[in-house]
Amino acid sequence: MNDDRPVLLETRGTCLHLTLNRPRALNALSHTMVRLLDEALFRAEQDESIGSVLLSGAGDRGLCAGGDIRALHDDARASGRASLQFWRDEYRLNARIARFPKPYVALMDGIVMGGGVGVSAHSGIRVVTERSRVAMPETAIGFVPDVGGTRLLAAAPGELGTHLALTGRSVGAADAVLCGLADHHVPARLLPALIEALGEPAGQDASVAGIVQRFATEPPAGELAAQRDWIDNCYAADSVEEILRQLRESGVPAAEAAADELLTKSPIALKVTLAAVRRAARLDSLEAVLDQEFRVSSRAFEHPDFVEGVRARIIDKDNEPQWKPGSLAEVDDQEVARFFAPLGPGEQELGLAPEPTHTPVDEGQAG
């Protein structure tokens, strides 16, 4: 009999194994799943018999394709607010994973996108396979990278993160490691043995990291290392328009293809995404970035491009979204800034980062 619980929990030795269990939906995260994961990690923190946590996805297609986009779309169409509470709990889970005090191993096998990145790429030990495809593809649906993704992408070498954030492209194992989204490559055929080794009784000599390292191999060659020159040059620009101009004028076919790709994305999402990644690079903690992303997500949720993007890419699949506004030139700086402004009356900030403290100036010494 199949177990239809959305998150499976199994303790093997001192390892708590969490399995996202919606394989038919590519293990997309529901609000219930977020809560179950958060509760399990809270208990594991307190339980002295738990020495490590392992996260994997049911089936062989992927760890997690992201949040339940259809549910978010339906909520937005109905002018609901349930999605904001989903993101509030999801982002708190992302922060808990990043600060989890015990070894947390994420098996990023197959498709790992959006919210799937949030539950894996903030962990201490991140494993990809030759089947891995890791992405933050939000601009294609009129949304903006979240779940701490703007911090991860901002920290990637050079402008690789800007390239991935704007295009939404997926990367394989080698490029995920290069971009700082993963740590180790383990062949997919070895995952069952790795899971078994992590669940062996306590008392073994090797650490959790050492066990993973025993199974790690060199990943198949990636693509981004050889493209660093044009990516770093073109994406260093301060505006999406200038990035596009640089891509067009580079004379590099791959750069021109990237420019074509950008023109299919939501103009407002592109501009807000560039600003979000640049701002994330200046923030001093994941919590501060998640606070920023919650404001941006709240505003993107209200914008018509989100509903239209999901309709065109996922529901009707006509791939002909009618963006509003329809061009980058029509998106002004004031509209972009509105996505980052403090939430208004009746809206609650995420509030993960502590309020900055200011030391009063001694007026007698000022001058």
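This passage describes two buried charged residues, the internal cavities and one strand residue in a predicted model.

Asp146 is situated in the loop that runs between strand S8 (133–135) and helix H5 (149–154). Although Asp146 is buried, it has no salt bridge, and the nearest side chain of opposite charge, that of Arg88, is 13 Å away. A polar contact is nevertheless made by the side chain of Asp146, its partner being the side chain of Tyr91 at 2.6 Å. When residues up to four places away in sequence are not counted, the residues touched by Asp146 are Trp87, Tyr91, Met136, Glu138, Glu293 and Ser297, so that Tyr91 appears both in this list and as the polar partner of the Asp146 side chain.

A second buried charged residue, Lys265, is placed in the loop between helix H12 (253–262) and helix H13 (267–282). Lys265 likewise has no salt bridge, the nearest side chain of opposite charge being Glu261, 4.4 Å away; because a salt bridge requires a side-chain nitrogen of Lys or Arg within 4 Å of a carboxyl oxygen of Asp or Glu, this pair does not qualify. A polar atom of the Lys265 side chain lies 3.1 Å from the backbone oxygen of Thr167. Apart from neighbours within four places in sequence, Lys265 is in contact with Thr139, Ala140, Leu166, Thr167, Leu270 and Trp323.

The count of cavities of 30 Å³ or more comes to 2, and the largest cavity has a volume of about 70 Å³. The lining of the largest cavity consists of Val117, Val134, Ala135, Met136, Gly149, Leu152, Leu153, Leu164, Ala165, Arg169, Val171 and Leu181. Two or more of these residues are given by each of S8, H5 and helix H6 (160–167), with H5 giving the most, at 3 residues. Met136, one of the lining residues, is also among the residues touched by Asp146.

Met113 belongs to strand S6 (residues 111–113) and counts as partly exposed because its relative accessibility is 23%. Beyond residues up to four places away in sequence, Met113 touches Cys64, Ala65, Gly66, Arg133, Ala135 and Pro137; of these, Ala135 is also included in the lining of the largest cavity. Between Met113 and Pro267 the separation is 154 residues in sequence and 21 Å in space, taken from C-alpha to C-alpha.

Technical notes:
Residues numbered from 1 in each chain as written. Predicted model: local features only at pLDDT ≥ 70, side-chain atom pairs only at ≥ 80, totals over all residues. Heavy atoms only, no water. Helix = DSSP H or I, 4+ residues; strand = E, 2+ residues; numbered from the N terminus. Buried < 20%, exposed > 50% of the residue type's maximum accessible area, 1.4 Å probe, protein only. Lys, Arg positive; Asp, Glu negative; His and termini not counted. Polar contact = N/O pair within 3.5 Å; in protein donor to acceptor, adjacent residues only side chain to side chain. Contact = heavy atoms within 4.5 Å. 1 Å grid on protein atoms, 1.4 Å probe; cavity = no way out; pocket = protein on both sides within 12 Å on 5 of 7 lines; lining within 4 Å. Points joined across faces, edges and corners; volume = space filled by probe spheres on them.
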